[in-house]
Amino acid sequence: SVGKPSSASSDGASTHVEASSAQAFSITRSPFARCPPSVFAAMQLRYYLNENGKRVYTLESTVTEDKAEEKPTFSAHPARFSPDDKYSEQRIKTKKRFHCLRTQEKATEL
(Lines give C-alpha, C1' and ligand atoms only; values in the text may rest on other atoms or scores of the structure.)
Protein backbone atom coordinates (compact mmCIF):
# COMPACT_ATOMS: atom_id res chain seq x y z
CA SER A 1 0.00 0.00 0.00
CA VAL A 2 3.02 2.29 0.23
CA GLY A 3 3.18 4.56 -2.81
CA LYS A 4 0.04 3.08 -4.37
CA PRO A 5 -3.07 5.17 -4.87
CA SER A 6 -5.64 4.77 -2.17
CA SER A 7 -9.35 5.03 -2.53
CA ALA A 8 -10.70 8.32 -3.77
CA SER A 9 -10.96 11.06 -1.21
CA SER A 10 -14.15 12.94 -0.44
CA ASP A 11 -13.49 15.45 -3.24
CA GLY A 12 -13.03 12.67 -5.80
CA ALA A 13 -9.24 13.02 -6.27
CA SER A 14 -7.07 10.01 -5.54
CA THR A 15 -4.34 10.39 -2.93
CA HIS A 16 -1.12 8.49 -2.33
CA VAL A 17 -0.55 6.70 0.93
CA GLU A 18 2.81 7.73 2.41
CA ALA A 19 4.81 5.46 4.65
CA SER A 20 4.32 6.49 8.22
CA SER A 21 7.15 8.57 9.62
CA ALA A 22 7.83 5.86 12.21
CA GLN A 23 8.28 3.24 9.47
CA ALA A 24 10.55 5.43 7.38
CA PHE A 25 12.46 6.45 10.47
CA SER A 26 13.08 2.87 11.61
CA ILE A 27 14.15 1.78 8.12
CA THR A 28 16.86 4.42 7.81
CA ARG A 29 18.19 4.21 11.37
CA SER A 30 20.48 1.55 12.76
CA PRO A 31 19.21 -0.69 15.58
CA PHE A 32 21.57 1.10 17.98
CA ALA A 33 20.01 4.47 17.25
CA ARG A 34 17.06 3.61 19.49
CA CYS A 35 19.31 3.23 22.53
CA PRO A 36 19.74 6.26 24.74
CA PRO A 37 23.20 7.90 24.56
CA SER A 38 23.91 6.99 28.19
CA VAL A 39 24.07 3.31 27.20
CA PHE A 40 27.01 3.97 24.89
CA ALA A 41 28.76 6.29 27.36
CA ALA A 42 28.64 3.55 29.99
CA MET A 43 30.16 1.02 27.59
CA GLN A 44 33.47 2.85 27.15
CA LEU A 45 36.40 0.60 27.95
CA ARG A 46 38.16 1.87 31.06
CA TYR A 47 41.01 0.68 33.30
CA TYR A 48 42.50 1.07 36.76
CA LEU A 49 45.81 0.01 38.24
CA ASN A 50 45.76 -2.88 40.71
CA GLU A 51 48.13 -3.27 43.67
CA ASN A 52 50.85 -4.67 41.35
CA GLY A 53 50.63 -1.69 38.99
CA LYS A 54 49.01 -3.76 36.23
CA ARG A 55 46.08 -2.44 34.24
CA VAL A 56 42.73 -4.04 34.97
CA TYR A 57 40.13 -3.34 32.28
CA THR A 58 36.50 -2.68 33.14
CA LEU A 59 33.37 -0.92 31.91
CA GLU A 60 32.72 0.79 35.26
CA SER A 61 33.48 4.47 35.86
CA THR A 62 34.56 3.86 39.48
CA VAL A 63 35.87 0.80 41.34
CA THR A 64 35.93 -0.14 44.99
CA GLU A 65 38.95 -2.10 46.15
CA ASP A 66 38.98 -3.86 49.53
CA LYS A 67 35.75 -2.12 50.62
CA ALA A 68 37.63 1.18 50.78
CA GLU A 69 36.75 4.40 49.01
CA GLU A 70 35.76 4.43 45.38
CA LYS A 71 38.52 5.20 42.90
CA PRO A 72 37.88 6.62 39.42
CA THR A 73 38.89 4.63 36.36
CA PHE A 74 40.70 6.00 33.32
CA SER A 75 39.71 5.86 29.68
CA ALA A 76 41.49 3.09 27.79
CA HIS A 77 40.94 4.83 24.46
CA PRO A 78 43.66 7.03 22.96
CA ALA A 79 42.99 10.71 22.34
CA ARG A 80 41.74 11.67 18.91
CA PHE A 81 44.44 12.36 16.37
CA SER A 82 44.25 14.86 13.56
CA PRO A 83 46.86 15.02 10.78
CA ASP A 84 46.00 18.71 10.50
CA ASP A 85 47.55 19.60 13.86
CA LYS A 86 47.14 23.34 14.36
CA TYR A 87 49.20 23.61 17.54
CA SER A 88 52.20 21.37 16.82
CA GLU A 89 54.56 24.33 16.42
CA GLN A 90 53.66 25.72 19.85
CA ARG A 91 53.97 22.28 21.43
CA ILE A 92 57.44 21.75 19.94
CA LYS A 93 58.61 25.21 21.05
CA THR A 94 57.44 24.53 24.61
CA LYS A 95 59.18 21.15 24.70
CA LYS A 96 62.39 22.70 23.40
CA ARG A 97 62.22 25.42 26.05
CA PHE A 98 61.88 22.89 28.88
CA HIS A 99 64.28 20.34 27.31
CA CYS A 100 61.61 17.67 26.92
CA LEU A 101 62.19 16.74 23.28
CA ARG A 102 63.44 13.21 22.62
CA THR A 103 66.23 14.66 20.49
CA GLN A 104 67.47 16.61 23.53
CA GLU A 105 67.72 13.54 25.77
CA LYS A 106 70.84 11.45 26.10
CA ALA A 107 70.81 8.22 24.15
CA THR A 108 70.36 5.14 26.30
CA GLU A 109 73.10 2.53 26.30
CA LEU A 110 72.12 -0.76 24.70
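This briefing describes the sheet, a buried threonine, a surface patch, the salt bridges and two positive phi values in a predicted model. Three strands form an open antiparallel sheet in the order S4-S3-S7. Thr73, in the loop between S6 and S7, is buried at 4% relative accessibility. On the surface, Leu45, Tyr57 and Leu59 make a nonpolar patch of about 290 Å², and the salt bridges come to two.

**The sheet S4-S3-S7**

- The sheet is open, and its three strands follow the order S4-S3-S7 with antiparallel pairing.
- Strand S4 (55–58) and strand S7 (74–75) are the edge strands; each has a single partner strand, so one side of each lacks a neighbour in the sheet.
- Strand S3, which covers residues 46–49, pairs with S4 in the antiparallel sense over four bridges.
- Within this pairing, Leu49 has Arg55 of S4 as its bridge partner, while Tyr47 stands opposite Tyr57 in S4.
- The hairpin of S3 and S4 has five residues between the strands, and Gly53 in this hairpin adopts a positive phi near 85 degrees.
- As a general point, side chains in a regular strand alternate between the two faces of the sheet.

**Thr73 and its surroundings**

- Thr73 lies in the loop that separates strand S6 (70–72) from S7.
- Thr73 is classed as buried because its relative accessibility is 4%, against a cut-off of under 20%.
- The side chain of Thr73 is in polar contact with the side chain of Arg46 at 2.8 Å.
- The Thr73 side chain also reaches a backbone atom, the oxygen of Ser61, at 3.0 Å.
- Leaving aside residues up to four places away in sequence, Thr73 touches Arg46, Tyr47, Tyr48, Thr58, Glu60, Ser61, Thr62 and Val63.
- Arg46 and Ser61 thus appear among the residues that Thr73 touches, and Arg46 also falls within the 46–49 range of strand S3.

**A nonpolar patch on the surface**

- Leu45, Tyr57 and Leu59 together make a nonpolar surface patch of about 290 Å².
- Leu45 belongs to the loop between helix H2 (37–42) and S3.
- With a relative accessibility of 35%, Leu45 counts as partly exposed.
- Tyr57, another member of the patch, is the residue of S4 that stands opposite Tyr47.

**Salt bridges**

- The model contains two salt bridges.
- One of them joins the side chains of Arg91 and Asp85, with an N to O distance of 2.3 Å.
- Both ends of this bridge are partly exposed: Arg91 has a relative accessibility of 39%, and Asp85 has a relative accessible area of 34%.
- Lys93 forms a salt bridge with Glu89, and the closest N and O atoms of this pair are 3.5 Å apart.
- Lys93 and Glu89 are four residues apart in helix H3 (residues 88–97), so about one helical turn separates them.
- Lys93 and Glu89 are both exposed.

**A positive phi after helix H3**

- His99 is located in the segment after H3.
- The phi of His99 is near 55 degrees, a positive value in a residue other than glycine.
- At 61% relative accessibility, His99 is counted as exposed.
- The other positive phi described here, near 85 degrees, belongs to Gly53 in the hairpin of S3 and S4.

How values were computed: Residues are numbered from 1 along each chain as its sequence is written. This is a predicted model: local features need pLDDT of at least 70, side-chain atom pairs count only at pLDDT 80 or more; totals for chains, interfaces and linings use all residues. Side-chain values use heavy atoms; hydrogens and water are left out. Two strands pair if DSSP finds at least two bridges between them. Helices (H or I, at least four residues) and strands (E, at least two) are DSSP runs, numbered from the N terminus. Buried means under 20% relative accessible area, exposed over 50%, partly exposed in between (1.4 Å probe, protein chains only). A polar contact is a pair of N or O atoms within 3.5 Å; within protein, one must be able to donate a hydrogen and the other to accept it, and residues adjacent in sequence count only if both atoms are side-chain atoms. Contact means heavy atoms within 4.5 Å. Patches are made of residues with over 30% relative accessible area and no salt bridge: like charges are joined within 9 Å, nonpolar side chains (Val, Leu, Ile, Met, Phe, Trp, Tyr) within 5 Å. Accessible areas come from the Shrake-Rupley method with a 1.4 Å probe; for residues, only the protein chains shown count as cover. A salt bridge is a side-chain nitrogen of Lys or Arg within 4 Å of a carboxyl oxygen of Asp or Glu.
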